[in-house]
Amino acid sequence: MKIYSIILLHAHLPYINHPEENYIEENWFFESVVESYVPFLMMIERLLNDGIEPRFSISISPTLCYMMENENLQNKLKRYIELRLKLIESEMSKEKNEKIIDNLKMYLDLYNYVYDFLETYSFDLITPFKFYKNQGILEIITTPATYPILPLFTNKKIIDSHIKIASLDYKERFLHPLKGIFLSECAYDKSVLESLKKNSIEYFFVDDTAIDKTKYDPYFLYKTPNDINIFVRDSISSESVIGESSYPANPIYRDFYKDIGYEREIDYLKEFTLFTQRIPTGIKYWKITDLSGIKEKEIYDFNLALNQVEVDASNFIEKIIERFKGYEKNSLVVSCFNMEIFGHRWFEGIYFLEKLFRKIRSERHPIQFLTPSEYISMNNFTIKTIEPEISSWSDNGYFDKWLNERNDFIYPYIYEITQKYLRIVNKYVNTNVSFPMDLALRQLAREILLMHSSDWSVMINYDTHKEYAISRLKKHYLNSIKIFEQISSGNIDLSFIKKLENENNIFNSLNWRVFSSVSSF
Amino acid sequence: MNGEIDFITTPKSILNENYCVAMGVNSETIFLFWKFSNYIISSFENLLLDKKIIIKVFDCDKNTVAEMEVDYSLAKIYIKIPPINFPSHIRIYLKDKDGNLKEIAVSNEVILSYEREIRKEYNYLK
């Protein structure tokens, strides 16, 4: 018996780029780069150096790709790391506790390694991802353009545009046709199928709540009635890594929340964070210690935590083997995770992934990691056709998180501005528009696509950075209204359009005509 | 609709049209929002039309599965219906002074899934 396993790491952040100001929300990108993306790439390097070829599937949303390529954000990232290094040095100069000094040395190494790594690639992270993709180590896929919950869009043209724009963008960036897609938050209903087919997508992922498990085994590959491969997410393996009794909740692991950003004097911190508000710095000295929060936190011990990683990786492998003991057929386990969990949320998570590959090699377990395309190309099995149900990978498996009484007020605005745009596009699709008009229609598309991001509704729902989410929606809405006015008056203010292009500069070669529903001639 | 906006749902539309949009929230809930043209809104305000509108949910065979009467200015509503596994759509009707119904907006089709076992949230860490 052999168990095939696909690990899909899903990397996404909302597009946040403010060239003229500093926003706390930009730090999400810097934290993810330092703690997750670069350590992940360095982990691949270590495995390859030891002759172990890992396999990962990674979905990187187009918005995140643009952030990785953005020069303004690259400069800010550089400054972020430099300031953190200064903060670490400052902490070291004052600290007497040997255990805390050990932690500081660990952070010093981490930030220095990350800085050197990024410098090798001129701070452009897409390049190393491309490099490992071309080596066959990573299978990189994408998500719908700005990460919308597609089943919440009632107009098929919008669904189609998000997939088409993402697909063209992928091809332009990675120089290969797109094979697979990770639908935002695994949100699925059958309205997406036609667009997936039209854009030659070979496979996508659904949550296991999308299939009736009394009829279908979730550990197989399926296909849709229009012949697109469906990978079913295994919720059991996901629970080991995400959840209250999961591995990252072990008291030995580093505590995510207790950060010196909430403990030191604000006057001292602002020199390093550039903000007068309290924000996490990434410098954390404590282990979880006690989930209930009653016991006083103990000082984190990285080496002890690494021993625990070893135990958890063995347990993960054993549990998979145990589950498939009675299976005669070769089964497939598809584990999908948010990539930022590894390293950022679960500090030791990258080492956990590394241990999986090392253990499977050294202990000869019957688990074969592979990419979705490798699995499909084995082609030695019959693929059953199924019709998945409406589903997502969140909450109760539906869409309540993105649509409820706390955030529903955004949808009429999004709907109206989108409808207005579709009509304008239909009006101009078969005309020779002037250069300024072309720029205006293109920027209008970007503003509207950014309104479609599911991130804003989640931030409003959880009341985390809610004001920022609302301000972004308002900004894109008002920018759109202003462009509409300029288009109808025929007076395009190029300096205004250029200013917006500089800030909301996604989808460089976006063709606004993809939104048209009338035939072009 | 330019300048200051409050981002609070209002019955006014930049499209100046009568429409309603239905969105599936979960296995038994549809979110419906609607807007009316300025002409219709002034008819409500001038009491030429009853401010109460009738909302009807239909199954694919055009049978009514739910019906309610609400103030037009509410502009949105969550409608609970029994778990169904077929497409449905919603129609909105206005009532004139004599109580006659007139259809004013038809929604898109919405499909709800069968009710599934509620599971805990896996990605609470996000």
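**Close-ups of a predicted model**

**View 1. A:Cys336, a cysteine tucked away without a partner.** A:Cys336 is buried, its relative accessible area coming out at 0%. This is a predicted model, and across all its chains there are zero disulfides. For A:Cys336, the nearest cysteine sulfur belongs to A:Cys186 and sits 5.5 Å away. A disulfide here would need the two sulfur atoms within 2.5 Å, so A:Cys336 is in no disulfide.

**View 2. B:Cys60, another cysteine in no disulfide.** Here the nearest cysteine sulfur, on B:Cys20, lies 18 Å off. B:Cys60 is partly exposed, at 46% relative accessible area.

**View 3. B:Asp59, buried but with no salt bridge.** Look for this residue in the chain B loop that links β3 (52-58) to β4 (64-71). The nearest side chain of opposite charge is B:Lys62, and that one is 9.6 Å away. What does the side chain of B:Asp59 reach at 2.8 Å? The backbone nitrogen of B:Asp61.

**View 4. The largest nonpolar core, all 197 residues of it.** The residues with the most contacts inside this core are A:Phe40, A:Ile81, A:Phe129 and A:Phe352. Chain A's helix α1 (residues 27-49) gives the most to it, chipping in 12 residues. In soluble globular proteins, nonpolar side chains tend to be buried together.

**View 5. A:Phe40 and its contacts from elsewhere in the sequence.** Setting aside neighbours within four places in sequence, A:Phe40 is in contact with A:Leu9, A:Phe56, A:Ile58, A:Phe129, A:Leu138, A:Met339 and A:Ile350.

**View 6. A second, separate core.** This one has 27 residues, among them B:Ile30, B:Trp34, B:Met68 and B:Val70.

Conventions. Residues numbered from 1 in each chain as written. Chains lettered and ligands numbered in written order. Predicted model: local features only at pLDDT ≥ 70, side-chain atom pairs only at ≥ 80, totals over all residues. Heavy atoms only, no water. Helix = DSSP H or I, 4+ residues; strand = E, 2+ residues; numbered from the N terminus. Buried < 20%, exposed > 50% of the residue type's maximum accessible area, 1.4 Å probe, protein only. Lys, Arg positive; Asp, Glu negative; His and termini not counted. Salt bridge = Lys/Arg side-chain N within 4 Å of Asp/Glu carboxyl O. Polar contact = N/O pair within 3.5 Å; in protein donor to acceptor, adjacent residues only side chain to side chain. Core = buried A, V, L, I, M, F, W, Y, C linked by side-chain atoms within 4.5 Å. Contact = heavy atoms within 4.5 Å.
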